[in-house]
Amino acid sequence: MNQEANKRGIAASLKSQDTEEFLDIYFNRPIGYAWAMFFEKLNVHPNVVTILSIFLGVTAGIMFYYPDLKHTWIGIFLLVWANHYDSCDGQLARLTGKKTRWGRMLDGFAGDLWFTAIYIAIALRLMNQPLPFDIGSGMLWGVWIWILCIISGMFFHSKQSTLADYYRNIHLYFLKGKDGSELDNFKQQRELFHNLPWKKNFWWKVFLYFYGNYTRNQEKMTPNFQKFYTVVRRKYGDHIPQDLRDEFRKESLPLMKYANILTFNTRAIVLYVSLLIGAPWLFLVFEIIVMTLLFLYMWHRHETLSLRFYQKLKSSEE
């Protein structure tokens, strides 16, 4: 009986089966749910759990600076733990009804801090090390590893995760409607920012400003979806016909596996392997080459289907 209750509880704590991947459903979410139950009994707010995940993730990054296996395994353990808390905060928020936009922003900020610490640790660790495949030249990574980390993190990882997050929320919007998604837009965020006084709202306005920029970047990367979404909102508002929702969900569902790959689990596994074999630079190369190819494929597929749906809706208006 307890086992069945746990299964129902875990299912209720998920965003949706459509947007969860195998490792999350059978490993991360059950552990996150156990932590959520623990923190619920202590009346701990989900945002506090997110802050705890920041400390764990940043400490994991510090551990990755050291090349020995002991520190590497400690770092892996801490990053896995941080990820469980990252899962827990969202599950706890959904179970307790304590979902807030502040919590969503803080959740995204947490992951950024983890990986910032990881990139810095990799750069510091390798800058005085010889380049791979060195044939006796004695050349060191030097400033080049910093450049590689900045390029990997700011220009590849960031865009990959930003678009993957957006596509998952688009899918949730058509699956569950407005209340089941976090599909925000730039105009909405800027209106909130400008209508809020600075007095007593300084940090909230800072978050709103940067979150607005985040949503603007998502919209800039998806011009065809923006055209389709504009027509949908104009014609139906938040009351999208079920047949349109089902049709879009069917087309979007195969792309969710790529969105999941571009978020955390695959990225983390490659990071762990590269650290364990003593070649953390491989993680950066993987992000820049392999993940970018997946990113471009997912983007092309989603923009193509969005254009097709846009044209279909426009033709029905004529």
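Guide: Contact here means that heavy atoms lie within 4.5 Å of each other, and the model in which such contacts are described is a predicted one.

Visitor: Which residues does Q160 touch, leaving aside those up to four places away in sequence?

Guide: Once residues up to four places away in sequence are set aside, Q160 touches L262, R267, E287, M291, T292 and F295. Q160 itself has its place in helix α6, which covers residues 143-176.

Visitor: How do you know whether Q160 counts as buried or exposed?

Guide: A residue is called buried when its relative accessible area is under 20%, and because Q160 has a relative accessibility of 1%, Q160 counts as buried.

Visitor: What makes the approach of the side chain of Q160 to the backbone oxygen of E287 a polar contact?

Guide: A polar atom of the side chain of Q160 lies 3.0 Å from the backbone oxygen of E287, and the limit for a polar contact is a pair of N or O atoms within 3.5 Å, so the distance falls inside that limit.

Visitor: Why are α6 and α9 described as they are, parallel or antiparallel?

Guide: Helix α6 and helix α9, the latter made of residues 223-236, pack at an angle of about 25°, and their axes are 14 Å apart. Angles under 35 degrees count as roughly parallel, and therefore α6 and α9 are roughly parallel to each other. Their crossing is left-handed, and the contact is made by Y166, I170, Y173 and F174 on the side of α6, together with F225, Q226, F228, Y229 and R233 on the side of α9. Sorted by class, the residues of this contact are seven nonpolar, one polar and one charged.

Visitor: Why are α12 and α13 described as they are, parallel or antiparallel?

Guide: Helix α12 (residues 265-276) and helix α13 (residues 281-288) pack with their axes 8 Å apart, at an angle of about 150°. Since angles over 145 degrees count as roughly antiparallel, α12 and α13 are therefore roughly antiparallel to each other. The crossing of α12 and α13 is right-handed, and in it T266, R267, V270, L271 and S274 of α12 meet L282, F283, F286 and E287 of α13. These residues divide into five nonpolar, two polar and two charged.

Visitor: How do you know whether N213 is buried or exposed?

Guide: N213, which has its place in helix α8 (residues 202-220), has a relative accessible area of 15%, and because buried means under 20%, N213 is called buried. The side chains of N213 and R190 are joined by a polar contact of 2.7 Å.

Visitor: What makes the phi of N43 and of K200 worth pointing out?

Guide: Most residues other than glycine have a negative phi. N43, however, has a positive phi of about 60° although it is not a glycine, and K200, likewise not a glycine, has a positive phi of about 70°. N43 is found in the loop between α2 (22-41) and α3 (46-63), while K200 has its place in the loop between α7 (186-195) and α8.

Visitor: How do you know whether N43 and K200 are buried or exposed?

Guide: Exposed means a relative accessible area over 50%, so N43, with 62%, is exposed, and K200, at 80% relative accessibility, counts as exposed too.

Definitions and conventions. Residues numbered from 1 in each chain as written. Heavy atoms only, no water. Helix = DSSP H or I, 4+ residues; strand = E, 2+ residues; numbered from the N terminus. Buried < 20%, exposed > 50% of the residue type's maximum accessible area, 1.4 Å probe, protein only. Polar contact = N/O pair within 3.5 Å; in protein donor to acceptor, adjacent residues only side chain to side chain. Axes fitted to C-alpha atoms, helices over the stretch in contact; angles between N-to-C directions. Parallel < 35°, antiparallel > 145°, perpendicular 65-115°, else oblique. Left-handed = near helix turned anticlockwise from the far one by under 90°. Nonpolar A, V, L, I, M, F, W, Y, C, P; charged D, E, K, R; others polar.
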